[in-house]
Amino acid sequence: MGFFDGLKREKRDNESITQSSQYISELETDNDTNNDFEEEIEVIERSVIQQPIQDVPMPPLKTYKDKAPVKHVIGQTKIIAIINQKGGVGKSTTAVNLAAALGSLGKQVLLVDLDPQGNSSSGLGVMKSQIKNCIYDVLLNDVPIEEVIIPDICEGVDIVPATINLAGAEVELVTEMARENRLKDATGSLRGKYDYILIDCPPALGLLTINALVAADKLIIPIQCEFYALEGVTKLLDSMKRVKSRLNPTLDIYGVLLTMYDGRTTLSRQVVEEVRNYFGKSVFKTLIPRTVKLSEAPSYGQPIITYDPAGKGAIAYMDLAKEVVQRG
Ligand SMILES: Nc1ncnc2c1ncn2[C@@H]1O[C@H](COP(=O)(O)OP(=O)(O)OP(=O)(O)O)[C@@H](O)[C@H]1O
Ligand SMILES: [Mg+2]
């Protein structure tokens, strides 16, 4: 467990205890002898304790210099962009939970949040008030990526966070030299330091996504098991081919991931069949189920393997991590 996790939990627990005991003492004064209220108090306590985390000022996080040395020998670093210009298909959910699952399997993982929405950052409990520099400063202000890395955000996982500042990058990069290579240059220095570098892409095919396509060795394409699942995929594959032929000859699909699968619906099953026909063996065997827990976990700043370790979502992302490791 990271330093920040501890602080966050301690703070949340303290707040919950204070607020809960206030409620309890108020209720006790009003109804000294009423046993029915014990039940009510328990309900209130539970609801207070389960409040999602808020972005309140927090102490600064650890820096890369404080990172504990990696215990195993790192072979070839794999840089994988999680990409689909279609919005809401499960890119950030996959980035956060695959990173955490790989970390729990003993791998060293860096998660690069390349989306101005910053969903991967907040999903792992990074609060805006704690971030001095973000990936924007790496891409446009020549800040070394090591200075932006927050180490050990969860077991085996470091993160390069994003803030809304990154929204300006799409426009500002246009006039820069070597604008497509910024992320590749930055992540180059990290090869050999991580087993996996995962990049969470924004829902667009702009310059940020092109930077991810140039920096990546491979792509994971999440596809939501919904109507129009394959819409826009041809455009994505065209962009991949263009970058491959001009800037990154070894770029390839690592795997297509079916997300938000609901086995009770015919539609979900049809989409699985359609996507498997289209992409063949590239499709991961693991299907990510639609579960409420997966959508709740980010508001608690936790990956699913700690938020609901025994649930369907955690099992699926652990299976996916094992498949990723097996694919080599
Ligand atoms: N397997 C799942 N089960 C239930 N809800 C999910 C699942 N995967 C993702 N979600 C929810 O669906 C929404 C979109 O997911 P997510 O943010 O991961 O998609 P995205 O592709 O990163 O979106 P964007 O394109 O905006 O970056 C979120 O509210 C998320 O919590
Ligand atoms: Mg996202």
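**Note on the ligand 1 shell and the nonpolar core**

1. In this predicted model, the residues of the shell around ligand 1 divide into ten polar, five nonpolar and three charged. The shell holds 18 residues, and the closest to the ligand are Lys91, Ser92, Thr93, Pro203 and Ser295. Two or more residues of this shell come from each of the elements α3 (91-104), β7 (252-261) and α11 (292-296), and α3 gives the most, with three residues.

2. A reader who turns from the ligand to the interior may begin with the largest nonpolar core, which has 86 residues and in which Ile135, Leu198, Ile199 and Ala212 touch the most other members. For Leu198, when residues up to four places away in sequence are not counted, the residues touched are Ile80, Ile82, Ala95, Leu98, Ala99, Val109, Leu111 and Val112.

3. Valine 157 deserves a separate look, and this residue is found in strand β4, which covers residues 157-160. Is valine 157 buried or exposed? Valine 157 has 27 other C-beta atoms within 10 Å, and because 20 or more are enough for a residue to count as buried, valine 157 is buried.

4. The surroundings of valine 157 can be described through its contacts: leaving aside neighbours within four places in sequence, valine 157 is in contact with Ala99, Ala100, Gly103, Val109 and Leu111. Serine 104 lies 53 residues from valine 157 along the chain, while the C-alpha atoms of the two are separated by 8.8 Å. Ala99, Val109 and Leu111, which are among the contacts of valine 157, are also among the residues that Leu198 touches.

Methods. Residues are numbered from 1 along each chain as its sequence is written. Chains are lettered from A and ligands numbered from 1 in the order in which they are written. This is a predicted model: local features need pLDDT of at least 70, side-chain atom pairs count only at pLDDT 80 or more; totals for chains, interfaces and linings use all residues. A nonpolar core is a set of buried Ala, Val, Leu, Ile, Met, Phe, Trp, Tyr and Cys residues joined through C-beta atoms within 7 Å. A residue is buried if 20 or more other C-beta atoms lie within 10 Å of its own, exposed if 12 or fewer, and partly exposed in between; C-beta atoms are placed from the backbone. Two residues are in contact if their C-beta atoms, placed from the backbone, lie within 7 Å. A residue is near a molecule or strand if its C-beta atom, placed from the backbone, lies within 6 Å of it. Helices (H or I, at least four residues) and strands (E, at least two) are DSSP runs, numbered from the N terminus. Ala, Val, Leu, Ile, Met, Phe, Trp, Tyr, Cys and Pro count as nonpolar, Asp, Glu, Lys and Arg as charged, and the others, Gly among them, as polar.
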